[in-house]
Protein chains: 2
Amino acid sequence: MNKYLKVDPWCIIEDHLDHNNQRSSESIFSLGNGRMGQRANFEEAYSGDSLPGSYIAGIYYPDKTRVGWWKNGYPEYFAKVLNAPNWTGINVMVDKEMLDLNVWKTLKFSRVLNMKEGTLSRAFTAENKKQKKVEVECIRFLSMNNPDLSVIRYTVKPLNFSGTMDLAPYLNGDIRNEDANYDEVFWDVTVTDSAQGTAYIEAVTKKTGFVAGFAMKYQILVSGKPASFGAKADKTDKYAGNSVSIKLNKGEPVIIIKYVAVVNSLYCAPENIKAEAQTKADMALKTGFKKLYNDHIQVWDTIWQQSDIKIDGDKEAQQGIRFNIFQLNQTYRGDDPGLNIGPKGFTGEKYGGSTYWDTEAFCVPFFLSTAPASVTRNLLVYRYKHLEKAIENARKLGFKDGAALYPMVTMNGEECHNEWEITFEEIHRNGAIAYAIYNYINYTGDKKYLSEHGLEVLIGISRFWSQRVSFSQVRKKYVILGVTGPNEYENNVNNNWFTNTIASWCLKYTNESIEYVKTSSPQRYKEIVNKWSFDEKAETGKWKEIIENMHFPVNEELGIFVQQDGYLEKELKTVNDLLPGERPINQKWSWDRILRSCFIKQADVLQGLFIFENQYELATIRRNFDFYEPRTVHESSLSSCIHSVIASRIRYTEKAYKLYLRTSRLDLDDYNNEVREGLHITSMAGTWMAIVLGFGGLRVKNDKLSFNPLIPRNWTSYSFRVFFRESIVEVLVSKEKVSFSNHSDTAVNLQVYDNDYVLTKHLEVDILK
Amino acid sequence: MNKYLKVDPWCIIEDHLDHNNQRSSESIFSLGNGRMGQRANFEEAYSGDSLPGSYIAGIYYPDKTRVGWWKNGYPEYFAKVLNAPNWTGINVMVDKEMLDLNVWKTLKFSRVLNMKEGTLSRAFTAENKKQKKVEVECIRFLSMNNPDLSVIRYTVKPLNFSGTMDLAPYLNGDIRNEDANYDEVFWDVTVTDSAQGTAYIEAVTKKTGFVAGFAMKYQILVSGKPASFGAKADKTDKYAGNSVSIKLNKGEPVIIIKYVAVVNSLYCAPENIKAEAQTKADMALKTGFKKLYNDHIQVWDTIWQQSDIKIDGDKEAQQGIRFNIFQLNQTYRGDDPGLNIGPKGFTGEKYGGSTYWDTEAFCVPFFLSTAPASVTRNLLVYRYKHLEKAIENARKLGFKDGAALYPMVTMNGEECHNEWEITFEEIHRNGAIAYAIYNYINYTGDKKYLSEHGLEVLIGISRFWSQRVSFSQVRKKYVILGVTGPNEYENNVNNNWFTNTIASWCLKYTNESIEYVKTSSPQRYKEIVNKWSFDEKAETGKWKEIIENMHFPVNEELGIFVQQDGYLEKELKTVNDLLPGERPINQKWSWDRILRSCFIKQADVLQGLFIFENQYELATIRRNFDFYEPRTVHESSLSSCIHSVIASRIRYTEKAYKLYLRTSRLDLDDYNNEVREGLHITSMAGTWMAIVLGFGGLRVKNDKLSFNPLIPRNWTSYSFRVFFRESIVEVLVSKEKVSFSNHSDTAVNLQVYDNDYVLTKHLEVDILK
């Protein structure tokens, strides 16, 4: 835990420079626009400890797998998001001495992430050993309006002297990933060019051959007016830039505005990259800072219109939830089905920026409610496009006949995670991907997605489950052996209740979907049958048999679902039995001890009850919550939010709030002392769920928006907006009332506390206490 | 499988040079003397593919652990036996052209491992591009009589020309381990010295600081007479040697005899190493080849007197078993309790030359029967000396109060294996180490070992088990959760029958041992109680409670012990259901598939029935064999031998023989296509067990040697000798009779087929058919 930031409803504010916090701040103040991300590294030189991080969505490197002993079936590589060439750099020399806040004395310092506008600003005053003081103000943004463009405005003012200021805006391809398995450099810089006022570098990723071109233009203003200057063009084999020497009078500011266009081979033929990048940089220069800035904040304005959550009476919570919504929107814009959401987004190297089941299990609900349907649809199409790879992945593990196992971690559809416990055993991800299809259609009503893409994915997934189960002669039931459930503090268990449940559900939903598509799009259904050599009768027959005979571990006496066979044989302690010095157990206990303990890392049975809530009585959910919550250590950032939603559902309001608090400011207050590695982007969607699905009780049932609101004791009110089909509905929950506003012209059918309403413009319902 | 060697009762013979076999032959023709080992690398230069391997017992390097994702409790390093400086090298230049069998044409070639004498010879004729032919004969041995000394006699003869021969005997410290995790060099060469007739190098291992000094002397004979010559002394910072230029007439042989002494800091103060090594090399030179050779083969003669197995009617089996006995004796001599037996001995890098449970489970029975009791005793004392480290190891995993967990892999008592499934979960090793104490005392009658060392180890181990069990409220039994049994094709299982059985046995045996020591050595018992703060009443009371309430998975219907909870839920196929293309499954199947299949890598329940045979009825053993053997793929070299012994016990003679065949020539015929990596030294003891404990039925019961012999159908007869206390008993089993000879003056009490006899000199018993 490290609380060093100021509380503010719209901004994240650091009001002094502490070098020990530098890496953490670089993460927290990250900017992104869905296509690129940039840690909050300083523009000017900084010789202190820092993790440079500039990332381009979809561009990765297959870093050769590092393991102890190789196990058959391991993928050859772990895909890594790459630290891309540095485009932010502006070296500043003050009378020939490099400005470096690790060397200069910092007299004042502030760093501000303005979430309303999507900008990062800094202002500081620094003094060198000769007592020369300069004042710097800078602001940057990665344009949300034109995601290939980024702009920095950097102002330096000599405070107590007149002298020479050398400004060197540059692009630098001499970069590395800290997490490289074998200390390899991942990029080859192939072009460096510079001329007065401009620079260009182009780099190609090794092995994958992605090309990225960075074009820079800039302008310089002295005392607010365009200055003519004699710029020197510099370049080496990895670096291209300019340097400009300017004589300034005391108190006279120089402003440099740097425009950078980044164009890559995902969107542009490699041979055209240079021209396109340069054209875009030119255009940016011509358009100018002000208009680019206005266009950019306009997009943010729309985002906030759609997705803001307001909390009255709890400033920290207000800041926390906005930070989460902000970062999620910086990470994924939903305009390209080739992209996805890495657990750390573009804010660090860890987890490789790849796609996990986090997307379907945590981010889909967020984007369903806060963005147009097309955004979530693209997340689904992403998996559709990987169907062939998922089949290949399953084939590598010995499955056949079109069975699809989606990867645990991927950039391009291939599995690239190499811990057998996770890669081979956490197969519930396949269920989450199927469930996201259901969830999307249920929420948006876009039923034709099934025939267009969904059914093919469902058939592949169901084929996997039908081969993955085995029949136990002892139980006379189908069993699923050797899995790791969501709770990664167990490995290689049999009959994980959640996995068996979601597997069985997948088979059911596929059968229903087949019926639907067969009826609604018979021609398309025939195409699918032919494409996948689908033997409907035999295959769905087998699936039905499995559905009817699946083993689900339960304990009648306790009235609970059992996490997996044998779980109840453990010493059934609770988290309260742990000494403070034993936590977090993943740092204090050896792995074997964790494995054989009853302690749960992350919601497992409760994850299932969260997803399939409708199928169970509240009393059942409550009994399971009462049993599992006291045994859950929540050492995954994806855990507490699920428990919180359930706690709200069963009206454990205090508990729901406590669980929400664990996720709310995870990164801002650095609960786990690891924010320096990057932000927990995907778990941010969990926090949103804790409020909207938890406190607000949002569900979609029978094509109706349904709410079941409560309000935490120390909040005065909270409000959120959700997309629902053609409408945006605003919900304001106060101590006494829930008010609904319809921001569209279409009436919305609502259910509130199980009563039906039609929301035309406004509606008020008393809080049910 | 690769059968390229000639069959011969006493020799391993390669009669032509195939470069593809070079690494394999380097392994198979390895020499060792318990203190050093040397792969059969050529003396002269060889530019073909080769794994240079020279190893010094007990000298290791802690190679930094390489894992994918770190798990808490992992050791920091994996101990590696080091490839030590090359002491065998003799470069040969023929008219200034380097003799290199990868470049020259080989006209004749033979390589012979003489197992009776413990020597490696080569003879070849080679021709260069100018048609100059040379004939080479060489022989080498690592002295069994003086384990610091090694000798090479190398003869070169120009066959069809007269010319200059340059001979360069040398020592070279510029070596590496192929299996280095981070490509590090493990040795620093600190001294290189050379003068006419002599060379010396000294090297220090990085991190561990072991020092080894290599001193070389040599003599040269032309036409059988000492030749005076002008040697040139050469050295670099890693190399020291001489070069000698000799003019030879056609057909005139030159002989170089190279004497190398290797002295290391395990046995000599570092500052004295150089002097001692040089003195030893001098002495060797003075003693001369012939006497050193005679002394060496004398030791082998004694070894064979004690441990030979003769097989009539099966030449391949004869060669196979002698190869195994030979290699085991080359690996471990039993004169230093600081040394142990690596799974690959001194024949390759794999498995790091460290100590595994192989020693107790497989090698102890071999050495008990084939060597004086002191040899096995030293293997036990090795573990006694590591007791403190075993306690520390357990402490790192969260155990306390003197609980000892011996490491899975170790050089110095510290755990150095880093797969959690193995390191943290294969805790049955702790049982094997306790059982070896029982086995040793039962065999040798050396009951005072208990008070001297054994009891302390047993208490540490029992303390571990009593903390490692947990009480299941569901079963009302003690359970052992989260283990990997001997069958490594299961991970993280609950209540592995073997582990629960050996744990329970340990507690029982410790209690009995306490009673024995308390009665027989009350003073020593008090010492032990004080030393270990042993609370007899409380601790043994707890142990008794565990013994009485341990859960053992059984299936009454099938009448078998169940490998672990849930095993019978698997699809119970047999190995016959596998297609040939699916085997070995560890190469053809992904890991998850293996884990959830019923297939067993290595004897597990049967391992328990092998060890605790006396506790079970034959019918029970048979039922379990009938159930488990068809499900065992024997993909560990340590598996078939155990099944073979049991098959003999239950009189499945044909099956016993078939299982024996799988182990008999594992390395000679390279069954698994991996002999190039080194020999399966510890599994060789298993082959010996299959004959002596299996076919011969040797047991020790109530201080009596007991036999239960059978003879495989296609053998005419077989005989073996065993140490038993003060006697050596020879057993000859033919088709009709079993003959016993007593090679001592002490009468031996025998049991044969459950009848009692007294063996004075000779005894004959009819074979029971």
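Which residue takes a positive phi in the hairpin of β14(B) and β15(B)? Select B:G197: its phi is near 90°, and the hairpin has two residues between the strands. Strands and helices here are DSSP runs numbered from the N terminus, with at least two residues (E) for a strand and at least four (H or I) for a helix.

The model is a predicted one, in which local features need pLDDT of at least 70, side-chain atom pairs count only at pLDDT 80 or more, and totals for chains, interfaces and linings use all residues. Residues are numbered from 1 along each chain as its sequence is written, chains are lettered from A and ligands numbered from 1 in the order in which they are written, and side-chain values use heavy atoms, leaving out hydrogens and water.

**Stop 1: hairpins in chain B**

Stay with the hairpin and show residues 187-195 (β14) and 198-205 (β15) of chain B, which pair in the antiparallel sense over eight bridges. Two strands count as paired if DSSP finds at least two bridges between them. Pick B:W187 and, opposite this residue in β15(B), B:T205.

Next select residues 699-701 (β26) and 704-707 (β27) of chain B; three bridges join these antiparallel strands. B:V700 has B:L705 of β27(B) as its bridge partner. Two residues separate the strands of this hairpin, and B:N702 in the turn has a positive phi of about 50°.

Now add residues 748-752 of chain B, strand β31, which runs parallel to β27(B) and is joined to it by three bridges. Here B:F707 is partnered by B:V752 in β31(B).

**Stop 2: an open sheet in chain A**

Move to chain A and find the open sheet of five strands, in the order β8-β7-β13-β19-β18, with antiparallel pairing. Its edge strands are β8 (97-98) and β18 (231-235), each of which pairs on one side only. Select β7 (residues 90-94) of chain A to see its antiparallel pairing with β8(A) over two bridges. A:M93 stands opposite A:M98 of β8(A). In a regular strand the side chains alternate between the two faces of the sheet.

**Stop 3: a salt bridge within chain A**

Show the side chains of A:E178 and A:R23, which meet in a salt bridge at 2.6 Å, N to O. The rule asks for a side-chain nitrogen of Lys or Arg within 4 Å of a carboxyl oxygen of Asp or Glu. A:E178 lies in the loop between β13 (163-172) and β14 (187-195) of chain A, and A:R23 in helix α1 (residues 22-28), so the pair ties together parts that are 155 residues apart in sequence. Over all chains the structure holds 113 salt bridges.

**Stop 4: backbone details**

Select A:R583 and A:P584, which are joined by a cis peptide bond with omega of about -5°. A:P584 is in the loop between β25 (560-561) and α14 of chain A. In chain B, the bond from B:R583 to B:P584 is also cis, with omega near -5°.

Then go to A:S533, which is not a glycine but has a positive phi of about 45°. Look for A:S533 in the loop between α12 (522-531) and α13 (536-548) of chain A.

**Stop 5: the interface**

Show both chains. In contact (heavy atoms within 4.5 Å) are 46 residues of chain A and 47 residues of chain B. The area buried between the chains is about 4,000 Å², of which carbon and sulfur atoms give 51%. Buried area is the accessible area (1.4 Å probe) that two parts lose on being put together, summed over both.

The rule finds six salt bridges across this interface. To see one, select B:E419 and A:K71, whose side chains meet at 2.9 Å, N to O.

On the side of chain A that touches chain B, the elements giving two or more residues are α8 (420-423), β22 (470-472), α14 (585-588) and α15 (591-596). The largest share, five residues, comes from α15(A).

**Stop 6: the axis**

Finally, view the two chains together. A turn of 180° and a shift of 0.1 Å along the axis lay chain A on chain B with an RMSD of 0.1 Å, by least squares on the C-alpha atoms of residues with pLDDT of at least 70 in both. That is the relation of a two-fold axis. Select A:V67: in chain A its C-alpha is the nearest to the axis, 2.3 Å from it. The same surface serves both copies, with 100% of the contact residues of chain A recurring in chain B.
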